[in-house]
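User: Hello! I am just starting out with protein structures and would like a close look at one part of this one. Could you walk me through the sheet and what packs against it?

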Amino acid sequence: MSHFSTVKTELRQLEPLVKALEDMGYAPDQGERPVRGYRGQTVTADLAIAVQEGGDIGFRWNSTSESYELVTDLDLWKQQIPVERFLSKLTQRYALNTVLAATTKEGFQVAEQTQTEDGSIELVVTRWDA
């Protein structure tokens, strides 16, 4: 019996997802990868993080929702933070990287970036027109 859980997300672009995971200190492997779970069972994901203790963390593209879903064995979750907090931090980093990429594309530069006490991130961007 499979112990894998799939968690829906709003993560739709691969590049900011990979960058967000790297920002959080993970080293994701891209391409079809096995995600290990209970008793050596595996499921295939499009992006995977091998974890020494506990189950691996994977992300699998869902063409119906057009987003990446988190796939992992929640019974083996051994991260320092609960899965809900992990997804919250990941979504925040993903949003930040998406905004930074869009502002750079539009010719803006980050003038100031601060993280407030409540964990939110404030950005000030500028653009000089010639």
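Analyst: Happy to help! Let us begin with a helix and work inwards to the strands. In this predicted model, helix α2, made of residues 83–105, lies across β1, β4 and β5. The helix α2 runs at about 25° to β1.

Now look at the sheet itself. The sheet is open and has five strands, in the order β1-β5-β4-β3-β2, with antiparallel pairing. Which strands stand at the edges? They are β1, residues 5–11, and β2, and each has a single partner strand, so one side of each is left without a neighbour in the sheet. From one strand to the next, the twist averages 50°.

A second helix also belongs in this picture. Helix α1, residues 14–23, packs on the sheet and touches β1, β2, β3, β4 and β5, the last of these being residues 67–72. The direction of α1 makes about 80° with that of β3.

What holds neighbouring strands side by side? As a general rule, strands of a sheet pair through backbone hydrogen bonds, either parallel or antiparallel. Here is how that looks at the β2 end of the sheet. Strand β2 covers residues 29–36 and strand β3 covers residues 42–49; the two run antiparallel and are joined by six bridges. You can find this pairing by eye: V35 stands opposite V43 in β3, and R33 stands opposite A45 in β3.

Then follow β3 across to its other partner. Strand β4, residues 57–62, runs antiparallel to β3, and three bridges join them. One place to look is L47, whose bridge partner in β4 is F59.

The turns between strands deserve a visit too. The hairpin of β2 and β3 has five residues between the strands. In the loop between β2 and β3 you will find R39, whose phi is near 50°, a positive value in a residue other than glycine. Is R39 buried or exposed? With a relative accessibility of 73%, R39 counts as exposed, because the cut-off for exposed is over 50%. A similar backbone feature turns up in the loop between β4 and β5, where E66 lies. E66 is not a glycine, yet E66 has a positive phi of about 55°.

Finally, step back to see where this part sits in the protein chain. The chain has two helices and seven strands, and along the sequence they follow the pattern β-α-β-β-β-β-α-β-β. Along the principal axes, the C-alpha trace spans about 60 × 35 × 25 Å. How many of the residues count as buried? Of the 130 residues in the protein chain, 32% do. The accessible surface of the protein chain comes to about 8,400 Å², and carbon and sulfur atoms account for 48% of that. Among contacts with a separation of 6 or more, 45% come from residues 24 or more positions apart. As for charges, the protein chain has 13 positive and 20 negative ones, and their mean positions are 4 Å apart.

Note on methods: Residues are numbered from 1 along each chain as its sequence is written. This is a predicted model: local features need pLDDT of at least 70, side-chain atom pairs count only at pLDDT 80 or more; totals for chains, interfaces and linings use all residues. Side-chain values use heavy atoms; hydrogens and water are left out. Two strands pair if DSSP finds at least two bridges between them. Helices (H or I, at least four residues) and strands (E, at least two) are DSSP runs, numbered from the N terminus. Axes are lines fitted to C-alpha atoms, for helices over the stretch in contact, and angles run from 0 to 180 degrees between N-to-C directions. Contact means heavy atoms within 4.5 Å. Buried means under 20% relative accessible area, exposed over 50%, partly exposed in between (1.4 Å probe, protein chains only). Accessible areas come from the Shrake-Rupley method with a 1.4 Å probe; for residues, only the protein chains shown count as cover. Lys and Arg count as positive and Asp and Glu as negative; His and the chain ends are not counted. The place of a charge is taken as NZ of Lys, CZ of Arg, CG of Asp or CD of Glu.
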